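Here is a short report on one protein structure. Please read it alongside the sequence and the model.

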Amino acid sequence: MRVVVVGLGTMGRSHALAYHVNPLTEIVGLVNRSDVALPQNLAGYPRLETLEQGLALKPDLVCIATYADSHAEYAIAAMEGGAHVFVEKPLATTVIDAKRVVATAQLLNRKLVVGYILRHHPSWQCLISEARDLGGPYVFRLNLNQQSHGPTWDTHKSLMRTTSPIVDCGVHYVDVMCQITDSSPVRVNGMGLRLSDEIAPNMYNYGQLQVWFSDGSIGWYEAGWGPMMSETAFFVKDVVSPNGAVSITDDSNRQSDNIDGHTKVGGILVHRTSGDKLIEMPDEPNHQELCDLEQGFMVDAISQNLDLTRHMHDAVQSLAVCLAADESIRSGRPVELGAIQ
């Protein structure tokens, strides 16, 4: 499969490296508006400046890893240009645009995979399975705060020109909630605060959402970026039900600005009234290995003609929840999801 990668930041480079080692893919172009340093394995591939130049190479697959405000436009252009699409999360910056991308994929019979990397992580698959075995309704207690400095803080400030932390990171964890409860989210409340003068005046770098589900489950997720964020309890992954709880055990060496630490599990503690069980995860994949798995799924979706209807629905649903939280933060009022989905 001929592949063009658009956007060569952290995720774009990792996805390109995944295509580099996959025997079923051939990178024909790497697109970035500015010149950036690349790993040695990617240095020999053609460098382009625009998506149009990439589409002129007639790729079978376009990987989009740019900032969120270009995702919908680029995904639709790539599909209309004849390619299947992998697009990093979030799928779009509005639910309307996300639905337009999905509708285009369905109309043109293109495969569309959204970058929900935790779906390909064996430890997170185990956590979801163990939580479902407990039975609901559930309480979800999740967060990922990042004490970022230097280049990482610069990246966060760039992201916050268009996307808040609660949307950028939240879609992963709302997706986990939805997979566990398999119930529709019905109402969202949010609160947030601007903790730095270095970010856009209309943006906040700390946010929390609360979500209610139709089966009675409830959950919260919080995300904050910046040098002021605390390293205390920055990584909470906890699911509680009437029959017990499932939690990711903390890693004392975990650091909030280490991208490998964002997906690392180490162990899963299953608590029941009859006793506790610790499931060790000694061989879990690192970030690059996860990207390899994710792009392997993308290739399989094309070559095996996988049905991605549920995958696309779930991507829109988790985005709708996070955007509703963003709306709630800005309006100061809860949002009923029936009007958004």
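## The β11-β12-β13 strands

Valine 239 has valine 246 of β12 as its bridge partner. This is a predicted model. Strand β11 covers residues 237-241 and pairs with β12 in the antiparallel sense, over four bridges. The two strands form a hairpin, with two residues between them. β12 also pairs with strand β13 (residues 267-272). That pairing is antiparallel too and has four bridges. Here valine 246 stands opposite valine 270 of β13.

How many residues of strand β12 are buried? Five of its five residues are, so the strand, residues 244-248, is mostly covered by the under 20% cut-off for relative accessible area. In a regular strand, side chains alternate between the two faces of the sheet. In β12 both faces are covered. Gly244, Val246 and Ile248 are buried on one side. Ala245 and Ser247 are buried on the other.

## The parallel sheet

Six strands make an open sheet. Their order is β3-β2-β1-β4-β5-β6, and the pairing is parallel. β3 (47-48) and β6 (112-114) stand at the edges. Each has a single partner strand, so one side of each lacks a neighbour in the sheet.

At the β3 edge, the partner is strand β2 (residues 26-31). The two pair in the parallel sense over two bridges. Valine 31 stands opposite leucine 48 of β3.

## Salt bridges across the chain

The structure holds 13 salt bridges. One of them joins the side chains of arginine 119 and aspartate 314, at 2.8 Å from N to O. This pair links distant parts of the chain, 195 residues apart. Arginine 119 sits in the loop between β6 and α5 (122-134). Aspartate 314 belongs to helix α10 (residues 309-331). Which side of the cut-offs does each partner fall on, buried or partly exposed? Arginine 119 has 22% relative accessibility, so it counts as partly exposed. Aspartate 314 has 6%, so it counts as buried. Both residues also belong to a salt-bridge network, which links Arg119, Asp175, Asp182, Arg310 and Asp314.

Lysine 277 forms a salt bridge with glutamate 130. Their closest N and O atoms are 3.6 Å apart. This pair also links distant parts of the chain, with the two positions 147 residues apart in numbering. Lysine 277 lies in strand β14 (residues 275-280), glutamate 130 in helix α5. Lysine 277 is partly exposed, at 42% relative accessibility. Glutamate 130 is buried, with a relative accessible area of 14%.

## A salt bridge within helix α10

Arginine 330 and aspartate 326 form a salt bridge. The closest N and O atoms are 2.9 Å apart. Both residues lie in helix α10. They are four residues apart, about one turn of the helix. Arginine 330 counts as partly exposed, at 44% relative accessibility. Aspartate 326 counts as buried, at 14%.

## The fold as a whole

What does the secondary structure come to? The protein has 10 helices and 15 strands. Its radius of gyration is 20 Å, close to the 20 Å that the globule rule gives for 341 residues, so the protein is as compact as a globular protein of that length. The C-alpha trace spans about 60 × 45 × 40 Å along its principal axes.

Of the 341 residues, 56% count as buried. Contacts were also sorted by sequence separation. Among those with a separation of 6 or more, 69% come from residues 24 or more positions apart.

## The surface

The protein exposes about 14500 Å². Carbon and sulfur atoms supply 50% of this area. Which residues make the nonpolar surface patch of about 260 Å²? Leu193, Leu195 and Met228 do. Leucine 193 lies in strand β8, which covers residues 185-193.

Definitions and conventions. Residues are numbered from 1 along each chain as its sequence is written. This is a predicted model: local features need pLDDT of at least 70, side-chain atom pairs count only at pLDDT 80 or more; totals for chains, interfaces and linings use all residues. Side-chain values use heavy atoms; hydrogens and water are left out. Patches are made of residues with over 30% relative accessible area and no salt bridge: like charges are joined within 9 Å, nonpolar side chains (Val, Leu, Ile, Met, Phe, Trp, Tyr) within 5 Å. Accessible areas come from the Shrake-Rupley method with a 1.4 Å probe; for residues, only the protein chains shown count as cover. A salt bridge is a side-chain nitrogen of Lys or Arg within 4 Å of a carboxyl oxygen of Asp or Glu. The radius of gyration is taken over C-alpha atoms; the globule rule is 2.2 Å times the number of residues to the power 0.38. Buried means under 20% relative accessible area, exposed over 50%, partly exposed in between (1.4 Å probe, protein chains only). Contact means heavy atoms within 4.5 Å. Two strands pair if DSSP finds at least two bridges between them.
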